[in-house]
Amino acid sequence: MKFLIKIIFCGFLFHSAAACSQSYFIKTHFDPSNIPTAPDYSSLSAWASLPTVHDCADSTPSGLTDNQAIAKADVFFIYPTTYINKHEDAFLWNADIKNKKLNSQTQGSTILYQASLFNGSCRVYAPNYRQAHYTAFLTNDMQDKKLSLDLAYQDIKAAFEYYLKNYNNNRPIVIASHSQGTIHAVRLLQEYFMNKPLQKRLVVAYLVGMPVPVDSLPAIPPCADSSQVNCFTCWNTFEKNYIPDYYSKGLVHSVCTNPICWRLDETCVSSNKSKGAVIRPFTRIRPHFCDAQVHQGLLWTTKPKFPGSFIIRSPIYHSGDYNLFYLDIRENVELRINEYLRSN
């Protein structure tokens, strides 16, 4: 699915310029003999975020507090594709988690602008993983795509199993993901939660930035309101009235949640109801930043207005799925955790 956003729009929403520069398309097939070494999740360096290690998920915009030390729930966050360029190592289809430049890009973008919103009420766990290169979402070769994504999911499984055994201690769990991460999160929910004892510990899943049809998780319903638990939310953000050319390939069947009111209906919720966005600079909360309306599997919002926004041309707001609604999501996480704790 072609979710590449223009460099200037990425820069305003959360990405560094390096992470948003021109993507590289791999021209050779996936080679199973040329893959990075599997991560060892007993090593702190295998994690993009741990509550006991200082990282960008500990950051907060002005006026907010990192509450991981007293949080009563955990979030297992699976970050999106940041491996879009050609890096200076021997690997192509899947990233090496020892790639310091890529890790820095990941920290300064998705960990800072997405994972950090959970630190108000969750301990944040985010594994580094051998993520599939962006080519996996452009190629017509379904075998290459499958092999690359399957390798990435092997790491997510290994990280989650290590997390359960060594970190969780039977605490409530929030699953959160974006883009490529959502592909892996759905598989994780299917394998470890759905109709399994662990489902009772699921507070909510934020499955953002990829289409998630309701029949993907038949035992875990879409959330119908702001406080429901043991359910999932999903949205993919575009400029109002825009329908992408790939709409029929998945979005038409997707669950779509309005991240301001947390309902599934198509009522437009005005920007006055929005708690606030966090774009560049990270330290600033922008209240009442955008409206939101569900439209047949899409989340529509009026083009945001801020200094420099006149140069934005792309109607695809994929890179801002989380941080356009940063404070709305942050407060919703707390609400659902409190409801979970009250009812369990």
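Q: With which residue does R171 form a salt bridge, and how far apart are the closest N and O atoms?

A: As a general idea, side chains of opposite charge can pair when their charged atoms come close. In this structure, which is a predicted model, R171 forms a salt bridge with D74, and their closest N and O atoms are 2.8 Å apart. The two partners belong to distant parts of the chain, 97 residues apart: R171 sits in the loop between helix 3 (142-168) and strand 4, whereas D74 lies in strand 2.

Q: How many salt bridges are counted by this rule?

A: The count comes to 9 salt bridges, where a side-chain nitrogen of Lys or Arg must be within 4 Å of a carboxyl oxygen of Asp or Glu.

Q: In what order do the strands form the sheet?

A: In general, strands of a sheet pair through backbone hydrogen bonds, either parallel or antiparallel. Here 6 strands form an open sheet in the order 1-3-2-4-5-6, with mixed pairing. Strand 1 and strand 6 (231-233) are the edge strands, each pairing on one side only. From one strand to the next, the twist averages 20°.

Q: Do strand 4 and strand 5 run parallel or antiparallel, and how many bridges join them?

A: Strand 4 (residues 173-178) and strand 5 (residues 202-208) run parallel and are joined by 6 bridges. One bridge can be located by residue: H178 has V208 in strand 5 as its partner.

Q: Which strands does helix 5 touch as it packs on the sheet?

A: Helix 5 (residues 326-343) touches strand 2 (73-78), strand 3 (122-127), strand 4, strand 5 and strand 6. The direction of helix 5 makes about 155° with that of strand 5.

Q: Which residues lie nearest the centre of the second largest pocket?

A: A pocket may be read by its volume and its lining. The second largest pocket has a volume of about 230 Å³. Its lining comprises 17 residues, and S45, A46, I97, N103 and N128 lie nearest its centre. Strand 1 (47-49) and helix 2 (100-113) are the elements that give two or more residues to this lining. The largest share, 4 residues, comes from helix 2. By class, the lining divides into 6 nonpolar, 7 polar and 4 charged residues.

Q: What is the volume of the second largest cavity, and which residues line it?

A: A cavity differs from a pocket in that a probe fits but cannot get out. The count here is 2 cavities of 30 Å³ or more, and the second largest cavity has a volume of about 40 Å³. The residues lining the second largest cavity are Y79, A95, D96, I97, L102, N103, T106, N128, Y129 and Q131. This lining has 5 nonpolar, 4 polar and 1 charged residues.

Notes: Residues are numbered from 1 along each chain as its sequence is written. This is a predicted model: local features need pLDDT of at least 70, side-chain atom pairs count only at pLDDT 80 or more; totals for chains, interfaces and linings use all residues. Side-chain values use heavy atoms; hydrogens and water are left out. On a 1 Å grid over the protein atoms alone, a cavity is a set of points where a 1.4 Å probe fits but cannot get out, and a pocket is an open set with protein on both sides within 12 Å along at least five of seven lines; lining residues have an atom within 4 Å of a point. Grid points are joined across faces, edges and corners, and a volume is the space filled by probe spheres set on the points. Ala, Val, Leu, Ile, Met, Phe, Trp, Tyr, Cys and Pro count as nonpolar, Asp, Glu, Lys and Arg as charged, and the others, Gly among them, as polar. Two strands pair if DSSP finds at least two bridges between them. Axes are lines fitted to C-alpha atoms, for helices over the stretch in contact, and angles run from 0 to 180 degrees between N-to-C directions. Contact means heavy atoms within 4.5 Å.
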